[in-house]
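Reader: I am new to reading protein models and would like a close look at one part of this one. Please take the interior of the protein and go through it step by step.

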Amino acid sequence: MIAGVKRERDVDEDEEEEVRVKVGRSHGVEDRRSRHCPYLDTINRSVLDFDFEKLCSISLSHINVYACLICGKYFQGRGQKSHAYIHSVQFAHHVFLNLHTLKFYCLPDNYEIIDSSLEDITYVLKPTFTKQHISGLDKHGKLYRAYDGTTYLPGIVGLNNIKANDYANVVLQALSNVPPLRNYFLEEENYRRIRRPPGDIMFLLVQRFGELMRKLWNPRNFKAHVSPHEMLQAVVLCSKKTFQITKQGDAVDFLSWFLNALHGALGGTKKKSSILTKVFQGSMRIFSKKLPHPDLPPEEKEALLLKDEYQEEMSESTFLYLTLDLPTAPLYKDEKEQLIIPQVPLFNILAKFNGNNEKEYKTYKENFLKRFQLTKLPPYLIFCIKRFTKNNFFVEKNPTIVNFPITNVDLREYLTEEAQVTEKITTYDLVANIVHDGKPTEGSYRIHVLHHIWKRQDKDDGAENHTGA
């Protein structure tokens with residue numbers, strides 16, 4: 001209780017300022033909150049970076065943090081003896097921004113600054129989007145000029161690689177270019193009222209992902225790149241350090257965890273939908289048949305196959321992405337003593353879902369033979385091509401090249417007969433493609449993103465197609 005009262009006083013410093021001003025007015029004292037500040041020309045927008053965690057550079061506290069608009073550093077408090085106050089006296093840096101209330105102050109005089117010329121700074125700190133703005137994002141490809149003079153297209157901007165986080169960057173960038181998901185997170189009102197249990201930290205993922213979306217699509221950036229620092233700190237915390245900034249990870253593993261974690265943080269369950277399931281969730285039938293142990297005599301195998309537990313069973317399952325398996329890479333050189341990288345068409349590995357192809361799956365105790373067939377296609381479809389295999393000694397990468405069309409990938413033949421009747425739209429166009437270069441442990445990830453700059457608004461311009469990521 002006592003600690004709570006103490007913190008409330010620290011946080012509500014602005015409220016105390018308001019009370020002091022009102023009292024001053026009644027005694028004829030000048031209201032200095034909106035006084036013109038003579039130091040606005042000392043603001044250095046080129047050093048301002050609001051992508052990092054909002055904590056004091058000295059006390060490392062998150063409470064009541066101010067940004068110095070001359071050097072870009074963060075300090076706690078603005079009262080006498082506070083870190084921001086001392087900084088303003090020592091270095092003659094006078095203009096500060098409260099990172100929570102978005103109010104500007106002049107220190108050490110301690111009065112609020114109200115000036116329309118500062119609106120660009122608050123917008124970079126906290127971009128906002130109207131419904132009209134959001135609806136027009138994909139209708140034109142207008143280039144914008146950042147404060148540093150570089151031009152950029154909102155949504156297609158760089159994400160800083162802090163150390164070894166490119167595996168997460170590419171996934172975040174791909175998801176930011178899926179329009180319905182992007183539109184949902186650009187408007188904070190969509191998830192502001194979601195209630196989570198006390199002590200639940202997972203909602204931090206939702207907040208940070210929304211902030212990152214708004215920064216990536218901000219048409220008034222100071223720079224043509226964004227740092228995902230706060231987003232990735234939330235990932236490290238919420239994944240209990242399974243995914244880290246300083247250690248390379250697997251993009252597919254991160255995608256799987258992130259989609260499910262975000263779904264749960266938004267209040268989604270197996271029965272309750274969220275924006276993630278509305279955009280990415282499809283369904284399939286799984287036909288599974290238990291296999292006898294391979295070391296058993298043929299007579300015992302035949303006897304077991306007649307039992308009920310060895311008969312094929314069908315189950316229904318949902319998915320947020322489809323895993324595609326590559327053919328085994330050649331181990332030996334060809335007749336010309338060269339290692340040729342094999343190539344395979346996308347539809348060859350998609351045959352996994354035609355309802356006929358069987359694949360053996362081994363567990364610690366049992367083996368199963370499974371085949372798959374799709375029953376429902378999502379609006380946006382994610383393919384994950386499995387390139388890495390892990391064993392006790394090393395990670396091996398399959399270099400097989402997958403050839404795929406950019407538009408009109410038709411999945412009708414992989415649907416059940418009933419689904420072929422009900423699913424009217426079965427074709428997809430490519431939105432984003434993630435590529436891994438180099439060795440499994442030393443390589444890096446990059447992403448190709450669909451560029452909308454010349455997209456026409458014709459009635460027949462792909463309006464009948466799903467879009468795939």
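Author: What follows starts with the whole chain, moves to the nonpolar cores and one helix, and then turns to the largest pocket and a few backbone details.

The model is a predicted one. The protein has 14 helices and 24 strands. Of its 469 residues, 43% count as buried. Among contacts with a separation of 6 or more, 66% are between residues 24 or more positions apart. The surface that the protein exposes comes to about 26,700 Å², and carbon and sulfur atoms supply 53% of that area.

Now the interior. In soluble globular proteins, nonpolar side chains tend to be buried together. Here the largest nonpolar core has 59 residues. Phe185, Leu205, Phe209, Phe254, Phe258 and Phe280 are the residues with the most contacts inside this core. Six helices each supply at least two residues of the core: helix 6 (166-175), helix 7 (179-186), helix 8 (203-216), helix 9 (229-238), helix 10 (251-265) and helix 11 (275-280). Helix 10 gives the most, with nine residues.

Leu205 serves as an example of how such a residue is placed. Once its neighbours within four places in sequence are set aside, Leu205 is in contact with Met231, Ala234, Val235, Cys238, Trp257, Phe258, Ala261 and Leu262. Another core lies apart from the largest one; it has 29 residues, among them Leu48, Phe75, Phe96 and Phe104.

Helix 6 deserves its own paragraph. Ten of its ten residues are buried, so helix 6 is largely enclosed by the rest of the structure. The buried residues are not restricted to one kind of side chain: they include Asp166, Asn169 and Gln173, as well as Val170, Val171 and Leu172.

Helix 6 also belongs to the next topic, the largest pocket. This pocket has a volume of about 1,100 Å³. It is lined by 39 residues, and those closest to its centre are Phe383, Cys384, Ile385, Asn433 and Ile434. Two or more lining residues come from each of helix 6, helix 10, strand 16 (383-386), strand 17 (388-390), strand 19 (401-403), strand 21 (427-430) and strand 22 (432-437). Strand 22 gives the most to the lining, with five residues. Sorted by class, the lining has 27 nonpolar, five polar and seven charged residues. Helix 6 and helix 10 therefore appear twice in this account, as each supplies at least two residues to the largest core and two or more to the lining of the largest pocket.Some backbone details remain. Most residues other than glycine have a negative phi, and most peptide bonds are trans. Leu102 has a positive phi, near 65 degrees, and is found in the loop between strand 3 (95-98) and strand 4. Leu102 counts as partly exposed because its relative accessibility is 26%. Phi of Lys241 is also positive, near 70 degrees. Lys241 sits in the loop between helix 9 and helix 10, and at 59% relative accessibility it counts as exposed. Finally, a cis peptide bond, with omega about 10 degrees, joins Leu107 and Pro108. Pro108 lies in the loop between strand 4 (104-106) and strand 5 (111-113).

Technical notes
Residues are numbered from 1 along each chain as its sequence is written. This is a predicted model: local features need pLDDT of at least 70, side-chain atom pairs count only at pLDDT 80 or more; totals for chains, interfaces and linings use all residues. Side-chain values use heavy atoms; hydrogens and water are left out. A nonpolar core is a set of buried Ala, Val, Leu, Ile, Met, Phe, Trp, Tyr and Cys residues joined through side-chain atoms within 4.5 Å. Buried means under 20% relative accessible area, exposed over 50%, partly exposed in between (1.4 Å probe, protein chains only). Helices (H or I, at least four residues) and strands (E, at least two) are DSSP runs, numbered from the N terminus. Contact means heavy atoms within 4.5 Å. On a 1 Å grid over the protein atoms alone, a cavity is a set of points where a 1.4 Å probe fits but cannot get out, and a pocket is an open set with protein on both sides within 12 Å along at least five of seven lines; lining residues have an atom within 4 Å of a point. Grid points are joined across faces, edges and corners, and a volume is the space filled by probe spheres set on the points. Ala, Val, Leu, Ile, Met, Phe, Trp, Tyr, Cys and Pro count as nonpolar, Asp, Glu, Lys and Arg as charged, and the others, Gly among them, as polar. Accessible areas come from the Shrake-Rupley method with a 1.4 Å probe; for residues, only the protein chains shown count as cover.
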